[in-house]
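Let's take a walk through this one, with an eye on what sits inside and what sits outside.

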Amino acid sequence: MTLNDLFTPALGFATLALASLACQWLAWRLRLPAILFLLLTGILVGPIGGWLSPDLFLDELLFPLVSLSVALILFEGSLTLKFSELRETGTVVRRLVTLGALVTWAVISFATHWLIGLSPALSALFGALVVVTGPTVVVPMLRTLHAKPRIAEVLRWEGILIDPLGALLAVLVFQWLIATGSGENGFLASLMIFFKVTLAGTIIGLLAGWLLALALRRYWIPEYLEVLAAIAAVLVTFSLSNHLAHESGLLAVTLMGIWLANAKGIDIDEILAFKEHLATLLISGLFILLAARLDLQALLALGWPALVLLAVIQFIARPLSVWASTLGSNLSWPERGLIAWIGPRGIVAAAVSALFALKLEQAGYEDAGLISALTFAVIIGTVVFQSATARPVAKALSVTEPEPRGLLLIGANPAALAVCRINVARRSDRALYRFQ
């Protein structure tokens, strides 16, 4: 019996939201990344328990829903990217999402072909899919890590920018596979797709960002409609860009968010606050849904070669990528070491791999199903290992900041005393100070 048999669609979504909240709360209590509990929940209710079948539950709406949710998540993350943060680390970030991504792709593709036995073409596609690190897992990890600001900036910028670029790389490899399978010139077809996707995503994204910033700056949108306008703009931008050039939507919404984040004369704090809560809900629900689609037998059948592949990704691909990207930078070796240690995969890799695996199976690639299983193996492996070890490694490298203990107010002026009284009132009987 599945969730479809037990609940109406409305009750099913409500149950999914409740499970997401439970996973997030448990992660907060145990100070562990929420993705661990979300993945475990999805596996328990999906392949193990058989209670949830996303393909039956949502049918043809599954992948459109996933795509639009990922677009909102990326837009929310890109709203936090300020160019002023890149004064010290801009060169490293640019290298990580270009040169570093290519190094990672090459190493993983070769290792996958050699260890797993996939064809060179499918290995190249899998390598492109797991290039992305993903803000959905990096940002929560940084909250508990308390790494130095330069490290956090590099990892956060990389995680957000690499998502659309990694998806673009995966699209190019996918189109090359389809073109060569139909007897066309795969290289020329991929090159044309690259220019089309990049051009459409860049133009649509920057234009949408400029228009929304203009509307906010000139108060054409009332304050209470700003959040709704932003969400509508993201959905329209993503859908229009994808309509003009398949899979260009992620690039478009990322550039749109970066434009808004750096636009002068507008206040996006309210938009950002609401979108952060929405992104948390979407991330939680998506991880449960996609984990519930996992073919557990295919994952377990991978055996020790998958474990060796994880070791290659963690101890060879990531360090090589970071080493090549930080040559000549002013980052210290301990800072480079922690950046090289942290590279968990997230929701974009899961969503795009599930979509491409389905399309390749329909195109006649028998081993395509392994791509989705391998991607989830990498997501689970990198998140579990790095969540358990990142904090001790950061402390060993002496690149952590002390945890914030509170706010220090100097002086006894009326404003300072009023703030202290408010703080004491909120803390109730746990107040540490009394005011005469």
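Here, a residue counts as buried when its relative accessible area is under 20%. Keep in mind that we're looking at a predicted model. By that cut-off, E158 and R318 are both buried, and their side chains meet in a salt bridge, with N and O 2.7 Å apart. E158 belongs to helix α9 and R318 to helix α15 (residues 304-326), so this pair ties together parts that are 160 residues apart in sequence.

How many salt bridges turn up in a search of the whole structure? The search finds 2. Besides the E158 pair, R150 forms a salt bridge with E335, and the closest N and O atoms are again listed at 2.7 Å. R150 is in helix α9 (residues 149-181) while E335 is in helix α16 (residues 333-341), so here the link joins parts 185 residues apart in sequence. R150 and E335 are buried too. As a general point, side chains of opposite charge can pair when their charged atoms come close.

Now over to helix α5, which covers residues 62-78. Its 17 residues, at 1.5 Å a residue, should span 24 Å, and the end C-alpha atoms are indeed 24 Å apart, so expectation and model agree. Of those 17 residues, 13 are buried, so α5 is largely enclosed by the rest of the structure.

For a contrast, head out to the surface. E223, D267, D269 and E270 form a negative patch there. One of them, D269, is found in helix α13 (residues 269-292). D269 is exposed because its relative accessible area, 54%, is over the 50% cut-off.

Terms used:
Residues are numbered from 1 along each chain as its sequence is written. This is a predicted model: local features need pLDDT of at least 70, side-chain atom pairs count only at pLDDT 80 or more; totals for chains, interfaces and linings use all residues. Side-chain values use heavy atoms; hydrogens and water are left out. Helices (H or I, at least four residues) and strands (E, at least two) are DSSP runs, numbered from the N terminus. The expected span of a helix is 1.5 Å times one less than its number of residues. Buried means under 20% relative accessible area, exposed over 50%, partly exposed in between (1.4 Å probe, protein chains only). Patches are made of residues with over 30% relative accessible area and no salt bridge: like charges are joined within 9 Å, nonpolar side chains (Val, Leu, Ile, Met, Phe, Trp, Tyr) within 5 Å. Accessible areas come from the Shrake-Rupley method with a 1.4 Å probe; for residues, only the protein chains shown count as cover. A salt bridge is a side-chain nitrogen of Lys or Arg within 4 Å of a carboxyl oxygen of Asp or Glu. Lys and Arg count as positive and Asp and Glu as negative; His and the chain ends are not counted. The place of a charge is taken as NZ of Lys, CZ of Arg, CG of Asp or CD of Glu.
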